[in-house]
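Thanks for coming, everyone. Let me put the sequence and the model on the screen, and then we'll walk through the ligand site together.

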Amino acid sequence: MSNNPLQPNRPDRRGIMFVVSSPSGAGKTTLTRRMLKEVEGVELSVSATTRAIRPDEEEAVHYYFKSHDEFRSLIGGDQFLEWAQVFEHYYGTPRGKVEPLLRQGIDVLFDVDWQGARMLKQCMPGDVVSVFILPPSIAELKKRLEGRAEATPEAVMKRLLGAGPDIKRWGEYDYVIMNDNIETAYEELRSILYTERLARRKASQGARVDVLLADAEKLEKGG
Ligand SMILES: Nc1nc2c(ncn2[C@@H]2O[C@H](COP(=O)(O)OP(=O)(O)O)[C@@H](O)[C@H]2O)c(=O)[nH]1
Ligand SMILES: Nc1ncnc2c1ncn2[C@@H]1O[C@H](COP(=O)(O)OP(=O)(O)O)[C@@H](O)[C@H]1O
């Protein structure tokens, strides 16, 4: 177990719900995958989706891939913390693992759209830190979307048309990152998590501060 808040597996600390959204193609998957690989004490909330699996994806690692019927029955069974329709597919955050991870002091990363971010903030306001990632320009967003393996002109156009309505929600987020340079954007994302970890450490320092104050008082009284 570590005393370092930047390596946080501590039972006396509650994990952060680290919610990251962006218009499709802005770089959120690239940034969050790197964070999951490099930063200790963060786990991905693996969503369920009705969309098809992509070549670089793995069942239960990136998503739980479900049929429409399976997804509907999960909604009926109240298995989601939140769910939403994005483009023509359904996406949902499974309820089960989130609370146990937070209780173990593990930060949970949510890759959800603005609807999901809003719902999570409403359900668990004290736990959520939200970050919105923007592309530097719409022309660059188009280029990034076109560069992806599964990019058909229709898929690119649908996502580009979705960018405006997504970007309109930027003000609802705690932080905004402009993903121009990937290294700078990654440093910013990691810095936000570390800053929020340090901010929460204040709450667990009370007992140690009490000891310091008691000792300082003894000294003042000459004892
Ligand atoms: N509300 C909600 N949105 C999700 C969830 N999982 C993924 N999304 C969002 O659905 C959108 C589409 O994701 P995806 O199919 O992976 O496509 P991409 O963004 O084009 O790579 C993104 O904005 C994701 O953040 C979820 O569980 N809930
Ligand atoms: N700062 C950047 N500069 C150039 N290309 C980038 C940058 N960030 C991401 N990309 C590329 O843009 C494409 C879309 O990124 P991705 O992470 O899949 O976006 P999202 O998850 O937001 O849909 C990918 O091919 C990725 O390598």
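**Around the ligand**

Ligand 1 has 17 residues around it, and the ones that come nearest are Ser24, Ser47, Ala84, Tyr91 and Gly116. Three elements give two or more residues each to that shell: β5 (80–86), β6 (89–94) and α4 (114–123). Keep in mind that this is a predicted model.

What about the chemistry of the shell around ligand 1: how many residues are nonpolar, polar or charged? Four are nonpolar, eight are polar and five are charged.

Now the record. UniProt, in an unreviewed entry, carries a "binding site" annotation. That annotation covers Ser22, Pro23, Ser24, Gly25, Ala26, Gly27, Lys28 and Thr29. Let's take two of these residues in turn.

Start with Ser24, which is in the loop between β1 (17–21) and α1 (28–38). Is Ser24 buried or exposed? Count the C-beta atoms: Ser24 has 22 others within 10 Å, and the cut-off for buried is 20 or more, so Ser24 is buried. Which residues does Ser24 touch, leaving aside neighbours within four places in sequence? Ser24 is in contact with Leu145, Arg159 and Gly162.

Next, Ala26. Its place is also in the loop between β1 and α1. Ala26 has 27 C-beta neighbours inside 10 Å, so Ala26 counts as buried. Again leaving aside neighbours within four places in sequence, Ala26 is in contact with Ile133, Leu134, Pro135, Leu141 and Asn179.

To recap: Ser24 is among the residues that come nearest to ligand 1, and the UniProt "binding site" annotation covers Ser24 too.

Terms used. Residues numbered from 1 in each chain as written. Chains lettered and ligands numbered in written order. Predicted model: local features only at pLDDT ≥ 70, side-chain atom pairs only at ≥ 80, totals over all residues. Near = placed C-beta within 6 Å. Helix = DSSP H or I, 4+ residues; strand = E, 2+ residues; numbered from the N terminus. Nonpolar A, V, L, I, M, F, W, Y, C, P; charged D, E, K, R; others polar. UniProt positions renumbered as here; feature names shortened; annotations may be inferred. Buried ≥ 20, exposed ≤ 12 C-beta atoms within 10 Å, placed from the backbone. Contact = placed C-beta atoms within 7 Å.
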